[in-house]
Amino acid sequence: MSVAPAATNLRLLHISSSAVVPRQCPAPSSVQLVGRSSNSRWFKPPLRAALQTSLVLREEGESGGGAATLRELCRGHVPDHVLSRAEGIGYVMPTDVQRQALPVLLSGRDCVIHAQTGSGKTLAYLLLVFSVVKAQRSAVQALIVVPTRELGMQVTKVARMLASKAVDNDLEEKSSCTVMALLDGGMLRRHKSWLKAEPPSVVVATIASLCQMLDKQIFKLDALEALVIDEVDFLFNSSKQVSSLKKILTSYSSSSKRQTVFASASIPQHKRFVYDCIQQKWTKRDVVHVHVNAIKPLPSCLQHKFVVCTKKQKHVVLLSLLHSDAPKSAIVFVGEQSEKSKKAGNGPSTVLLVDFLKTSYRGSSDVLLLEEDMNFNSRAASLSELREGEGYLLVATDIAARGVDLPETTHIYNFDLPRTAVDYLHRAGRTGRKPFSDEKCNVTSIITLEERFVLQRYENELMFNCEEVII
Ligand SMILES: Nc1ncnc2c1ncn2[C@@H]1O[C@H](COP(=O)(O)OP(=O)(O)OP(=O)(O)O)[C@@H](O)[C@H]1O
C-alpha cells in the first residue's frame, strides 16, 4: 500500500498482519511504508511475532506538518460543540502528536501515545473520549487514569471545558457529557451517591480512589468504550499501584471490549512494553505505537545548563542564578529528604529552602511550595495561586514533575539532581510547554563535582548537551 510521499519524515517500522494503516481512517498524510522493520531480527520469535501484529508510527525529525486543522482531522467523529469549544480555547491547528495520533485514535485502534512533554497528548486523548461517549447513555463510558490528584484536577478542568455546551435551552444542558473527578483526597461519599444516582459519562481517577469504588461495586466498567492511562510508565513503575492498574486493565474491564490508550513522554524499553501490552492482553494485538520525535526525547526549545558547587554553597548559588536570570515564573525542584536528615531532626529541605528564599530573594514573584507531605487542600491552594498569579517561584518535589501544565514557566532549577534520566526529562518538561512558540526555556542543574558524571549520563541517554555556567 503506497501513500502520499512523506510530508513528514514518518516511517512505518512494523507492519501489521491485518492492515498497514487502520482501514477506517485515512492514513496520516505522511505515512510512508518502508516494509517490515529491519530490526525485527533483534527479537526472539515470540516477541517478533507479537510486534509484527502491532504498528509503530514514528516521526523522525522535524515534521513538514500537514495543513489539516483539528476540526478537519476530527470531522465526523468528534461532536461539533466540542470542536467549537476547543477552537474557543485556542486549539485550532493540531500539534505533531495530535496530527499523528488522532487518525489512529479515531479509527478505534488501541494506541500508545509516546511524545515529548508539553506536546499536547492530553487533548489528543480527550478528543477521542468525546468521540465515543454518548451523553444520553446513563453509564460510565470513558475512564482516564492519572498518577496524581494535581494532574487529575487539570485533566478534569480541560475535559469539562470541552464538554460544556452553550446552553440555549434546558434540553441542551442535560445532553452535555458529565465529567467526574474521582481523586485521592476527594469526598468519596458524595461521589458514591452521584455514581449511583446518575453515572457520569467520563471519570478521571487516581488508582486508589477508583479501586475503592470498583471493589465495592459502586459502579462498573461494563459500558466502557475508552480507557486512557496517562503517565503510563510512572504507574507501571509504582510498586503501590501496579497491581491495581493491572486489575483495571484485565479484570475490571477487557481490552477486547474497549479501546485502550496509553500516554507518556517516557516509555523506557518501549518495544518490550508494546510486546507486554499484547502478551498480557492490556491492549488488542493490533495496538499502534505512535512515537513522535523518537530521536529527540526532549523539546528542542530547552537550553540545559549546570553549575558546580559544594552542597553548602547550593542556596547561595541558586539565589545568584535567580538574581541573574530574573525569571518571570520558575520551578525549583528539590529531592526528597533523606532518612538520615529526618533522623537528625532536620526540617524538610523544601521548607528550609522556601524560608531562605522568602528572606533573601529580591524577585517580585511569590515563593510557593508543592510537595507530597502537604494536605490536599494546601496542594490545591498552591496550584490555584500559581495559575492565577502573575509570576511565581515554586519550590516542589517530583510530585510537580509529571503532567502538571504551567505553560508560563520559563525556568527550571534542579536544586537537587533528579534520580533518573526519566525524572530529568519530566522535570525539564515543566517548561517549554507552548507548542507553537520558539521561546527558549532554561533548565539549570546545581550539582557537586561528584555528580558531574551522573548529569553526563543523562545527557547521553536523553541526547542533550549541558553548558557549564560559572558563577
Ligand atoms: N492544538 C493545540 N494548540 C495550542 N496549544 C495546545 C494544543 N494542544 C495542547 N496545547 C497546549 O500545550 C500545552 C501542553 O499540553 P499537554 O499538557 O496536553 O501536554 P502533554 O503532552 O500531556 O505533556 P506531559 O507529557 O508533560 O503531560 C498545554 O498548555 C495545552 O493547553
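Here are some questions and answers about how the pieces of this predicted model fit together.

Q: At what angle do helix H5 and helix H6 pack?
A: H5 covers residues 121-132 and H6 covers residues 149-163. Their axes lie 11 Å apart, and the angle between them is about 50°.

Q: Which word describes how H5 and H6 are set, oblique or roughly perpendicular?
A: Roughly perpendicular would need an angle of 65 to 115 degrees. These two helices pack at about 50°, so H5 and H6 are oblique.

Q: How many nonpolar residues are in the contact of H5 with H6?
A: H5 brings Thr122, Leu123, Tyr125, Leu126 and Phe130, while H6 brings Val155, Val158, Ala159, Leu162 and Ala163. Sort them by class and you get no charged residues and 1 polar one. The nonpolar count is 9.

Q: Which strands are the edge strands of the open sheet of 7 strands?
A: Read along the order S13-S14-S12-S15-S16-S11-S17, where the pairing is parallel. An edge strand pairs on one side only, so look at the two ends of that order. They are S13 (366-370) and S17 (466-468).

Q: Which residue in S16 does Tyr413 stand opposite?
A: Strand S15 (residues 411-414) and strand S16 (residues 441-447) run parallel and are joined by 4 bridges. Across from Tyr413 in S16 you'll find Thr444.

Q: Which strands does helix H17 touch where it packs on the sheet?
A: H17 spans residues 421-428, and its direction makes about 150° with that of S15. The strands it touches are S11 (302-308), S12 (329-333), S15 and S16.

Q: Are H17 and helix H18 roughly parallel or roughly perpendicular to each other?
A: Their axes come within 9 Å and cross at roughly 75°. Anything from 65 to 115 degrees falls in one class, and therefore H17 and H18 are roughly perpendicular.

Q: How many charged residues are in the contact of H17 with H18?
A: Ala421, Tyr424 and Leu425 in H17 meet Leu455, Tyr458, Glu461 and Leu462 in H18. By class, 6 of these are nonpolar and none is polar. Glu counts as charged, and the charged count is 1.

Q: Which residue in helix H3 forms a salt bridge with Arg71?
A: The structure holds 17 salt bridges. One of them links Arg71 in helix H2 (residues 70-74) to a partner 16 residues apart, in H3 (residues 80-89). The closest N and O atoms of that pair are 2.8 Å apart, and the partner is Glu87.

Conventions. Residues are numbered from 1 along each chain as its sequence is written. This is a predicted model: local features need pLDDT of at least 70, side-chain atom pairs count only at pLDDT 80 or more; totals for chains, interfaces and linings use all residues. Side-chain values use heavy atoms; hydrogens and water are left out. Axes are lines fitted to C-alpha atoms, for helices over the stretch in contact, and angles run from 0 to 180 degrees between N-to-C directions. Angles under 35 degrees count as roughly parallel, over 145 as roughly antiparallel, 65 to 115 as roughly perpendicular and the rest as oblique. Contact means heavy atoms within 4.5 Å. A salt bridge is a side-chain nitrogen of Lys or Arg within 4 Å of a carboxyl oxygen of Asp or Glu.
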